[in-house]
Amino acid sequence: MSTAVSIPLSLSDRLKLGPELHRFSADYATFIDVLQQVEYPVEFEDGSIIIMSIASDHHEQLVANLLGVLFVCLKGNTEYRRYGSNRHVFMEHQVKAYAPDVSVVHGIPSIHEYAPGKTAHTNPWMVAEVISPSSRNRDFGEKLQGYKSIASLQFIIYLEQDRPFVTLFERMPGTDRWKSTDFNDTNQDLQVGAFEIQMSDLYQGLL
């Protein structure tokens, strides 16, 4: 790894950085080196390594609720597989590596190998992110555009952690165009493909 890039490698070093996102200029080879050493989530985008912020309690409860809802929706359906943030999504055409809070693959996962034993998916069907104050601009900016460029991706879900508010992005059939719908009431339901997700289930225990 290049000694010119000062990237904290231990978990204790990461904790000293605080709750904000941190970006370090680095090439893809350096990212692979770092990925094999760190104990925390990192992403790669536009010649930078991004160290993910430390999640809040509400953030992790929302992630747990969504994974639980998806378990119920997908139970017995072997065509779909759900994953947490430790499973990367890699965009080969843009050389970007993201760690969505939740992702779902429809069909057989397509694998990108960073290094032996370090792999990522390239064909997510759905991704979801819980919005944090430190990540908001990036989530709705470059990261959203990166996700939209993935040919297999059909749904993107963004969840606010301080209030019941969800934005659902859905690819329009057979196109590269997307539509978005906001949900701000716990009596509302999200339709994600053939699956119905209730806002009240997503925010259970957080209201």
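Is V95 buried, partly exposed or exposed? In this predicted model, V95 has a relative accessibility of 35%, so V95 counts as partly exposed. The residue is placed in the loop between β5 (89-91) and β6 (96-98), and its phi is near 50°, which is a positive value in a residue other than glycine. A second residue of this kind is D46, whose phi is also near 50° and positive although D46 is not a glycine. D46 belongs to the loop that runs between β2 (42-45) and β3 (48-51), and with a relative accessibility of 52% D46 counts as exposed.

From D46 the reader can move to helix α4, where E142 is found. When the neighbours of E142 within four places in sequence are left aside, the residues in contact with E142 are R23, E45, D46, K96 and Y98. E142 itself counts as partly exposed, because its relative accessibility is 29%. A distance to another part of the chain gives a sense of scale: E142 and G174 are 32 residues apart in sequence, and their C-alpha atoms are 23 Å apart in space. Y98, one of the residues in contact with E142, also has a charged group over its ring, since the charged end of K143 sits there at 5.3 Å from the ring centre. An arrangement of this kind is found again at F165, where the charged end of R163 sits over the ring, 4.5 Å from its centre.

The aromatic rings offer another way through the structure, and a search of the whole structure finds 13 aromatic pairs. In one of them, the ring centres of F31 and Y114 are 5.7 Å apart and the ring planes stand at 85°, so that the pair is edge-to-face. The pair links distant parts of the chain, with F31 in helix α2 (residues 28-35) and Y114 in strand β8 (residues 111-115), 83 residues apart. F31 counts as buried at 0% relative accessibility, and Y114 is buried as well, with a relative accessible area of 10%. Ring pairs also join F31 and Y114 with Y28, F44 and F90 into a cluster.

Another aromatic pair is formed by F140 and Y158, which is edge-to-face with 4.9 Å from centre to centre and 90° between the planes. Here too distant parts of the chain are linked, because F140 lies in helix α4 and Y158 in strand β11 (residues 155-160), 18 residues apart. How do F140 and Y158 stand with respect to the surface? F140 is partly exposed, with a relative accessible area of 33%, whereas Y158 is buried, with a relative accessible area of 1%.Returning to helix α2, the residues T30, F31, I32, V34 and L35 are buried there, and what covers the buried residues of α2 includes β2, β3, β6, β8 and β9 (118-121). Further along the chain, S180 is found in strand β13 (residues 178-183), where S180 is partly exposed, with a relative accessible area of 48%. Apart from its neighbours within four places in sequence, S180 is in contact with T167, L168 and F169. The C-alpha atoms of S180 and T167 are separated by 6.6 Å, while the two residues are 13 residues apart along the chain.

The last part of the picture concerns the pockets. The largest pocket has a volume of about 320 Å³ and is lined by 20 residues, of which M52, S53, A55, H59 and D101 lie nearest its centre. The elements that give two or more residues to this lining are α3 (57-74), β10 (124-131) and α4 (136-148). By class, the residues of this lining divide into 8 nonpolar, 5 polar and 7 charged. The second largest pocket has a volume of about 270 Å³, and of the 15 residues that line the second largest pocket, L35, Y40, N86, H88 and K118 are the closest to its centre. The lining of the second largest pocket has 7 nonpolar, 5 polar and 3 charged residues. L35, one of the residues closest to the centre of the second largest pocket, is also among the buried residues of α2.

Note on methods
Residues numbered from 1 in each chain as written. Predicted model: local features only at pLDDT ≥ 70, side-chain atom pairs only at ≥ 80, totals over all residues. Heavy atoms only, no water. 1 Å grid on protein atoms, 1.4 Å probe; cavity = no way out; pocket = protein on both sides within 12 Å on 5 of 7 lines; lining within 4 Å. Points joined across faces, edges and corners; volume = space filled by probe spheres on them. Helix = DSSP H or I, 4+ residues; strand = E, 2+ residues; numbered from the N terminus. Nonpolar A, V, L, I, M, F, W, Y, C, P; charged D, E, K, R; others polar. Phe/Tyr/Trp six-rings, centres within 6.5 Å; stacked < 30°, edge-to-face > 60°. Buried < 20%, exposed > 50% of the residue type's maximum accessible area, 1.4 Å probe, protein only. Lys NZ or Arg CZ within 6 Å of the ring centre and 35° of its normal. Contact = heavy atoms within 4.5 Å.
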